[in-house]
Amino acid sequence: MSFSIQHYLNKNTEAAPLAVFRLFFGIMMFASILRFWLNGWIEKLYIAPKFFFSYYGFEWVKPLGNYTYLLFLVCGISALLVAAGYKYRLAIITFFLSFTYIELMDKTTYLNHYYFISILSFLMIFLPANRYFSVDAARKPELRFQYIPRWCVDSIKLLLGIVYFYAGLAKINSDWLFRAMPLKIWLPSKYDLPFLGDLMQQEWVHYAFSWSGMLYDLFIPFLLLWKRTRLFAFLMVIVFHVLTRVLFPIGMFPYIMIVSALIFFDPSVHRRILAFISRIFRIGMAKFDTGRKYIFSATRRQIILPVISVFFLVQLLFPWRYLLYPGELFWTEEGFRFSWRVMLMEKAGYAQFKIVDGKTGRRFYVDNSDFLTPFQEKQMAFQPDFILQYAHFLAEHFRKDGHENIEVYVENYVALNGRKSRPYIDPEVNLLNFADSFKHKTFILPFEDEIKGL
Amino acid sequence: MKRISGILMIMLLSITACSTDDSGNGSGGTDTDAFDRGAMLAHWADNIIVPAFEAFEVSSQSLENATTAFVNDPSATTLSALRNQYRDSYVQFQTVSMFEIGKAEEIGFRRFLNTYPTNASAIESRVESGSYNLELSSSYVEQGFPAMDYLLYGLGNSEETLQKFTSGENAENYRNYLLDVAERINSLTAEVATAWQGDYRDQFVQNTSSSATGSVDRFSNDYVMYFEKFLRSGKIGYPAGAFTGTPSPENAEAVYAGDLSKELYLTALEAFQDFYLGRGFNGSGTGPSYKQYLEYLDSMKDGADLNALIQNQFDAIEDQSAQLDGNFKSQVQTNNTAMLAAFDELQKAVVLLKVDMMQALSISVDYVDSDGD
């Protein structure tokens with residue numbers, strides 16, 4: 001066993017796939033940052049709000065006022081440097097840190113895609129992605145290697161595989177498969193799509209999309225791995241992601257996934273891609289084909305391999321943490337994030353906060369728009385950790401205003417996957433009695449329905 | 001293994017093929033016909049919104065005329081006629097107040113016509129100085145129906161009021177101010193009505209996009225927001241002190257006229273409900289509406305009949321209103337419990353409209369055009 005692992009770790013493959021991946025990843029990231037900027041979202045999401053929802057344990061990560069633009073600038077430039085493979089290690093570390101910092105600033109904007117980018121860029125820190133077809137390698141002949149350890153390329157495949165497969169597992173639930181929820185809510189609203197609009201009204205289409213989406217996510221990693229189905233699988237990847245792009249506002253993600261899936265192809269495909277790029281930009285590609293094999297030094301291996309092993313162990317286990325919590329996951333959302341639960345539910349809420357003077361009983365309601373943007377209010381209204389953090393923020397705010405004996409209550413209704421809205425947080429509970437933690441939040445009222453499945 | 005993946009491939013392929021290429025036999029043999037949002041928008045515009053604004057424009061013109069008649073010849077008769085016309089027009093305004101979209105939104109129609117409580121002392125100092133600019137956004141608490149309310153009912157009884165406009169100090173300024181307020185109501189109304197009669201109607205109806213900028217999405221946000229902020233909070237919640245715990249009778253609508261507030265509330269409620277049901281403004285039958293849309297969408301879902309829940313809640317609100325006095329100011333002062341009960345019933349409707357209906361329609365309650373998962 002240990003021999004075969006050792007054997008695997010010593011296997012080599014061409015460096016071209018990783019180089020192509022690095023190049024496209026960097027360009028995609030740069031485009032994403034640029035798009036974010038041009039859409040005015042830096043201002044809207046990170047500068048205009050008065051209050052930001054922090055991740056538990058990361059309360060110290062806050063937007064930097066107008067310097068937030070600088071942060072995005074650093075992130076964008078590092079993405080370009082990653083693409084070019086110039087000072088790669090520094091660039092990818094900078095990218096990982098700046099991008100992750102951006103995502104940690106406000107969990108209102110949490111998306112699985114962003115988390116994917118963060119952990120992928122973390123992984124890439126440890127990969128020799130600049131040994132081929134990069135500025136680094138062009139400048140320093142001693143950095144040029146035509147072959148790299150095979151596990152370097154495989155680790156990216158594994159990460160992609162986990163994302164898809166876990167997204168597929170998450171879809172194995174009764175709402176998704178037997179009620180076609182939430183697609184039954186989402187698809188009919190796309191009535192205005194040319195040629196697809198009418199189809200989206202058909203009930204069987206909702207079921208077909210639900211089931212094929214589940215099957216797609218579960219099987220696509222394997223179909224991509226296997227040479228005989230690979231081309232077909234890649235076509236499926238394109239069809240699937242283009243379709244999701246047409247149907248849902250999911251920004252750059254579909255393109256990122258399509259381009260990422262190229263990593264599964266044979267090195268010869270990547271060589272052709274690089275040759276094509278070389279022709280256009282008149283880059284001499286031959287100098288990278290040194291025939292040399294890159295081998296990690298023993299000390300590096302001793303650091304990198306454990307890090308990556310732990311990384312993947314965490315990736316494999318983390319999505320299951322929801323099993324440690326009582327109650328319905330979709331309802332409590334305890335252990336929902338960072339688990340590839342993508343487009344899995346339609347949830348909306350309404351939260352009216354009441355500030356009470358515990359001594360006199362005097363009370364008043366809070367106008368959420370005084371403190372939150374519409375987007376923040378929307379996200380807050382159905383997520384218990386948001387509600388709790390906001391309650392503490394309100395208490396702090398009104399304490400400074402001179403109020404005393406403050407108690408914070410919330411009247412909160414949440415609708416999940418087309419069920420009638422029902423009370424969500426116990427309205428009798430003073431939220432200030434609770435501090436945020438990873439423990440189960442006992443003030444969430446029961447779901448009183450069941451969603452079967454994983 | 002090979003066979004399994006072969007079967008799988010065929011399955012996936014056929015599903016994908018069905019999902020994407022099956023447009024040829026679009027309408028034949030379908031169990032649900034597509035709901036036509038374009039037809040709904042056209043019905044809303046042509047049979048409800050435009051007729052409502054046209055009717056209100058006639059009313060606001062009458063209001064200006066009655067005001068002109070009064071300031072030209074202040075008498076008990078012209079005052080009485082003006083007061084009646086004011087009441088009619090204020091009631092009529094409740095049928096258009098929820099349509100704060102397009103030109104109305106652009107010029108802040110509702111804000112200028114019905115921000116209350118009005119600022120009586122500011123009005124007095126404007127009258128005294130005779131210099132003011134009602135177009136300033138800072139002046140919306142000094143005009144509109146609440147300002148007329150003050151000028152027609154807040155200066156004393158009929159004789160005292162008449163005296164203010166005839167022989168009192170600054171009588172001419174009072175007359176000018178009143179006329180300016182009435183003219184401004186009329187000109188803003190004309191502006192909005194003209195926009196609807198012109199290009200905006202087509203713009204509204206043709207924007208059938210399902211995005212956050214499409215007419216249905218934008219209008220629905222405004223419509224539900226109106227119910228929450230203006231019907232629930234404005235007419236009931238603020239005077240009842242639902243937000244502060246302390247009743248504030250001075251926050252009632254038409255607080256000086258007094259007995260008008262419930263009529264305004266009921267008219268607004270009814271207009272809101274009629275719109276939900278798709279009733280034509282001029283009694284011209286019903287058309288595509290939220291009700292029909294929800295029924296169409298519900299037909300695909302198991303579970304709660306959302307439309308029934310919403311209509312039942314509208315009924316509950318109306319039933320409850322029977323307990324309310326015609327004058328909300330005195331209602332709040334004598335029996336605020338009934339007002340708070342009204343608030344609670346309205347609140348239930350807010351949840352149904354804002355959470356359940358918006359979810360069913362797949363409309364997000366914000367204009368942020370950000371990415372989703």
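Author: Let's start with a word you'll need: a crossing of two helices is left-handed if the near helix is turned anticlockwise from the far one by less than a right angle. Keep in mind that this is a predicted model.

Reader: Okay, so which handedness does the crossing of α14(B) and α16(B) have?

Author: Left-handed.

Reader: And how do I describe a helix pair like that in numbers?

Author: Two packed helices are described by the angle between their axes and the distance between the axes. Here, helix α14 (residues 306-321) of chain B packs on helix α16 (residues 336-360) of chain B at about 165°, and the axes are 9 Å apart. Angles over 145 degrees count as roughly antiparallel, so α14(B) is roughly antiparallel to α16(B).

Reader: Which residues of α14(B) and α16(B) make the contact?

Author: On α14(B), they include B:L306, B:L309, B:I310 and B:F314. On α16(B), B:L346, B:A349, B:L352 and B:L353 are among them. Sorted by class, the contact has 14 nonpolar, three polar and three charged residues.

Reader: How many helices and strands are there in chain B?

Author: Chain B has 16 helices and zero strands. Of its 373 residues, 45% count as buried.

Reader: Now the backbone. What should I look out for?

Author: Most residues other than glycine have a negative phi, and most peptide bonds are trans. So we look for exceptions to that. Take the bond from A:M181 to A:P182: it is cis, with omega near 5°. A:P182 sits in the loop between α9 (174-178) and α10 (183-186) of chain A. Chain B has a cis bond too, from B:Y116 to B:P117, with omega near 5°. Look for B:P117 in the loop between α5 (109-113) and α6 (120-129) of chain B.

Reader: And what about phi at A:K87?

Author: A:K87 isn't a glycine, yet its phi is positive, about 45°. You'll find A:K87 in the loop between α4 (67-84) and α5 (88-104) of chain A.

Reader: Is A:M343 buried or exposed?

Author: Count the neighbours: 20 or more other C-beta atoms within 10 Å make a residue buried. A:M343 has 20, so it is buried. A:K87 has 17, so it is partly exposed. A:M343 also has a positive phi, about 50°, without being a glycine.

Reader: Last one: how is chain A divided into domains?

Author: Domain 1 covers 12-148 + 268-295, and domain 2 covers 346-433. Eight residues from domain 1 of chain A and 10 residues from domain 2 of chain A take part in the contact.

Conventions
Residues are numbered from 1 along each chain as its sequence is written. Chains are lettered from A and ligands numbered from 1 in the order in which they are written. This is a predicted model: local features need pLDDT of at least 70, side-chain atom pairs count only at pLDDT 80 or more; totals for chains, interfaces and linings use all residues. Domain bounds come from an automatic or database domain assignment. Two residues are in contact if their C-beta atoms, placed from the backbone, lie within 7 Å. Axes are lines fitted to C-alpha atoms, for helices over the stretch in contact, and angles run from 0 to 180 degrees between N-to-C directions. Helices (H or I, at least four residues) and strands (E, at least two) are DSSP runs, numbered from the N terminus. Angles under 35 degrees count as roughly parallel, over 145 as roughly antiparallel, 65 to 115 as roughly perpendicular and the rest as oblique. Ala, Val, Leu, Ile, Met, Phe, Trp, Tyr, Cys and Pro count as nonpolar, Asp, Glu, Lys and Arg as charged, and the others, Gly among them, as polar. A residue is buried if 20 or more other C-beta atoms lie within 10 Å of its own, exposed if 12 or fewer, and partly exposed in between; C-beta atoms are placed from the backbone.
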